[in-house]
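This report works through one protein model, beginning with a pairing between neighbouring strands and moving outward to the cores, the helices and the enclosed space.

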Amino acid sequence: MDRSAPSPRELLAVALGVARDAAATAYRMRVEGVSVAATKSTVTDVVTAADRAVERQVLDALKQLRPDDAVLGEEYGIRDTGPVAPGGVRWIVDPIDGTVNYLYGLPYSAVSLAAEVDGVVVAGVVRNVSTGEEWTATVGGGAWRDGVRLRCSGETDLGQALVGTGFGYDAGRRTHQAQVVAGLIAHVRDIRRLGAAALDLCLVAEGRLDAYFEKGLAAWDLAAGGLVAAEAGVRVAGLAGGPPGPDLVVAAPPALFGPLHDRLAELDAAGGP
């Protein structure tokens with residue numbers, strides 16, 4: 001990291017203030033009532049007015065606080081600030097991760113905000129919109145929730161592991177993912193599909209899930225929650241030594257990563273549409 005870059009702790013302080021205000025707006029808009037504003041990849045892949053309003057609030061806040069930084073957001077894409085110089089900061093925001101849960105009033109959605117320097121995520125916060133639970137991490141500084149340092153599950157037997165996953169919105173992809181789950185479920189304790197990747201990764205960080213995998217995650221799904229998980233001792237990677245990304249994300253404690261990875265590879269979890 002370039003010496004001129006702000007410290008991860010400084011960036012986390014910015015992220016905390018912005019994310020807390022954004023989560024408060026999302027909560028208020030849900031109480032007042034929310035409706036579908038548009039769809040994305042399919043008719044079931046929805047965008048609410050709150051997604052757009054919250055992301056706009058985050059963009060405006062970051063522009064005031066750090067006007068030279070770049071921003072990548074789920075709803076508005078990249079805010080063009082020109083090339084990011086060495087040591088420059090790019091913010092990665094998911095205004096409401098778990099939009100369908102949010103739409104239906106299920107208490108499992110979050111604001112996710114991360115800071116990236118030289119291509120490395122160095123600070124992040126994930127805040128549950130409904131409950132106010134908040135997970136934070138800085139690179140090398142550990143992962144935390146409510147002042148408690150987090151450590152991932154100590155489970156070593158895949159057959160006893162509670163594993164989280166998620167599904168895409170394309171019908172063909174869902175069909176393939178269902179086949180993967182069918183091939184995995186007899187080899188684990190059970191499987192959970194909760195509907196918000198950033199929160200799933202945070203639950204792995206504190207052992208409320210033993211492991212997690214999903215195909216199709218974007219940068220905004222992974223950035224903050226992935227750092228929280230990694231700083232809690234979770235191995236977050238793709239298949240065959242590749243990086244985590246759209247093809248597949250596998251997040252598990254070191255003792256579980258190998259067995260889960262190998263089973264997912266056998267099941268072609270990164271394949272399909």
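Trp91 stands opposite Ala115 in strand 6. The model is a predicted one, and this pair is a convenient place from which to follow the strands on either side.

**Strands 3, 5, 6 and 7**

Strand 5 (residues 89–97) and strand 6 (110–117) run antiparallel to each other and are joined over seven bridges; here Val93 has Leu113 of strand 6 as its bridge partner. Strand 5 also pairs with strand 3 (residues 70–73), in this case in the parallel sense and over four bridges, with Arg90 of strand 5 as the bridge partner of Ala70. Strand 6, in turn, pairs with strand 7 (120–128) in the antiparallel sense over eight bridges, and in that pairing Val111 stands opposite Arg127 in strand 7.

| Strand pair | Sense | Bridges |
|---|---|---|
| Strand 3 and strand 5 | parallel | four bridges |
| Strand 5 and strand 6 | antiparallel | seven bridges |
| Strand 6 and strand 7 | antiparallel | eight bridges |

How are these strands placed with respect to solvent? Of the nine residues of strand 5, eight are buried, so this strand is largely enclosed by the rest of the structure. For strand 6 the count is eight of eight buried residues, and it is therefore also largely enclosed by the rest of the structure.

In a regular strand, side chains alternate between the two faces of the sheet. In strand 6, Ala110, Ser112, Ala114 and Glu116 point one way, while Val111, Leu113, Ala115 and Val117 point the other way, and all of them are buried. Strand 3 is likewise covered on both faces, with Ala70 and Leu72 buried on one side and Val71 and Gly73 buried on the other.

**Turns and positive phi angles**

Strand 6 and strand 7 form a hairpin in which two residues lie between the strands. Asp118 is located in this loop between strand 6 and strand 7, and it has a positive phi of about 50° although it is not a glycine. Its relative accessible area is 42%, and because this value falls between the limits of 20% for buried and 50% for exposed, Asp118 is classed as partly exposed.

Ala240 is another residue that is not a glycine and yet has a positive phi, of about 55°. Ala240 sits in the loop between strand 14 (235–237) and strand 15 (249–252), and with a relative accessibility of 75%, over the 50% limit, it counts as exposed. A positive phi of about 110° is found at Gly33, just after helix 1. Helix 1 itself (residues 8–32) has 25 residues and reaches 36 Å from its first C-alpha to its last, close to the 36 Å expected at 1.5 Å a residue.

**Nonpolar cores**

The largest nonpolar core has 37 residues, of which Val126, Trp135 and Val228 touch the most other members. At least two residues of this core are supplied by each of strand 6, strand 7, strand 8 (134–138), helix 5 (197–205), helix 6 (219–231) and strand 15. Helix 5 gives the most to this core, namely eight residues. There is also a second, separate core of 32 residues, which includes Ala5, Met29, Val54 and Ile96.

Helix 6 also contains Gly225. With a relative accessibility of 0%, which is under the 20% limit, Gly225 counts as buried. The C-alpha atom of Gly225 is separated by 7.4 Å from that of Gly124, although the two residues are 101 residues apart along the chain.

**The enclosed cavity**

Rolling a probe the size of a water molecule over the atoms shows where empty space is left. A search of the whole structure finds one cavity of 30 Å³ or more, and the largest cavity has a volume of about 60 Å³. Its lining consists of Thr165, Gly166, Phe167, His176, Gln177, Val180, Val181, Phe213, Glu214, Lys215, Leu248 and Ala269. The elements that give two or more residues to this lining are helix 4 (171–184) and strand 13 (211–214), and the largest share, four residues, comes from helix 4. Sorted by class, the lining of the largest cavity has six nonpolar, four polar and two charged residues.

Definitions and conventions
Residues numbered from 1 in each chain as written. Predicted model: local features only at pLDDT ≥ 70, side-chain atom pairs only at ≥ 80, totals over all residues. Heavy atoms only, no water. 1 Å grid on protein atoms, 1.4 Å probe; cavity = no way out; pocket = protein on both sides within 12 Å on 5 of 7 lines; lining within 4 Å. Points joined across faces, edges and corners; volume = space filled by probe spheres on them. Nonpolar A, V, L, I, M, F, W, Y, C, P; charged D, E, K, R; others polar. Expected span 1.5 Å × (residues − 1). Core = buried A, V, L, I, M, F, W, Y, C linked by side-chain atoms within 4.5 Å. Buried < 20%, exposed > 50% of the residue type's maximum accessible area, 1.4 Å probe, protein only. Pairing = 2+ DSSP bridges.
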